[in-house]
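Let's take a walk through this model together, starting at a single residue and moving on to the spaces inside and along the fold. Keep the viewer open as you read.

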Amino acid sequence: MDFLVADAASEHIDAIEELEKQCFSVPWTREQLLSQLPDERHEFLVALCKGQPVGYVGMMCVLDEGYIANVAVSKDYRRRGIADGLIEALLRRAVNRQLAFVTLEVRAGNEAAKALYAKHGFVPVGTRKNYYASPREDAVLMTNFLK
């Protein structure tokens with residue numbers, strides 16, 4: 001599948017907001033998404049197919065640590081390598097920023113997502129009890145130790 005990974009920009013927010021609603025039971029608000037646009041503390045990448053956002057990933061950087069907020073791909077574009085491409089691009093950015101590690105939370109029951117992250121070097125390092133709502137579920141904390 002042909003797609004381009006690029007920095008997210010304000011013109012992508014409408015589509016990203018729709019992806020949030022499609023992919024998450026408690027979607028981020030428009031204001032929250034806008035606050036994640038690329039700057040000295042944030043990496044926010046979008047996958048574009050024919051110019052339209054079909055996926056995204058965001059990361060906040062604090063000192064030498066990266067925290068992935070969300071990874072989302074449109075249901076119509078899943079299993080086509082888009083999440084792989086987004087995570088690979090984000091990890092390259094993390095290396096360029098000289099981060100020591102990148103970490104994220106994933107629903108304990110989301111086996112597909114856990115396998116995807118493991119494929120990219122993330123390992124389980126802990127559990128956050130009752131982290132998710134709607135439905136209530138534990139989160140597995142997964143980390144990729146870059147250094």
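In this predicted model, E88 has a relative accessibility of 40%, so it counts as partly exposed: the value falls between the 20% limit for buried and the 50% limit for exposed. You will find E88 in helix α3, which covers residues 82-96. If you look for R41 next, it sits 47 residues away from E88 in sequence, and the C-alpha atoms of the two are 19 Å apart in space.

Now turn to the enclosed space. Searching the whole structure for cavities of 30 Å³ or more gives one, and the largest cavity has a volume of about 50 Å³. Around it you can pick out W28, L33, Q36, F44, Y56, G58, A69 and N70 as the lining. Strands β3 (52-62) and β4 (65-73) each contribute at least two of these lining residues. Sorted by class, the lining holds five nonpolar and three polar residues, with no charged ones.

The open space is next. Here the largest pocket has a volume of about 1,100 Å³. It is lined by 35 residues, and those closest to its centre are F24, V71, N110, A113 and Y117. Several elements supply at least two lining residues each: α1 (13-23), β4, α3, β5 (101-107), α4 (111-119) and β6 (123-132). Among the contributors, β4 gives the largest share, with six residues. As for chemistry, the pocket lining divides into 22 nonpolar, five polar and eight charged residues.

How values were computed: Residues numbered from 1 in each chain as written. Predicted model: local features only at pLDDT ≥ 70, side-chain atom pairs only at ≥ 80, totals over all residues. Heavy atoms only, no water. Helix = DSSP H or I, 4+ residues; strand = E, 2+ residues; numbered from the N terminus. Buried < 20%, exposed > 50% of the residue type's maximum accessible area, 1.4 Å probe, protein only. 1 Å grid on protein atoms, 1.4 Å probe; cavity = no way out; pocket = protein on both sides within 12 Å on 5 of 7 lines; lining within 4 Å. Points joined across faces, edges and corners; volume = space filled by probe spheres on them. Nonpolar A, V, L, I, M, F, W, Y, C, P; charged D, E, K, R; others polar.
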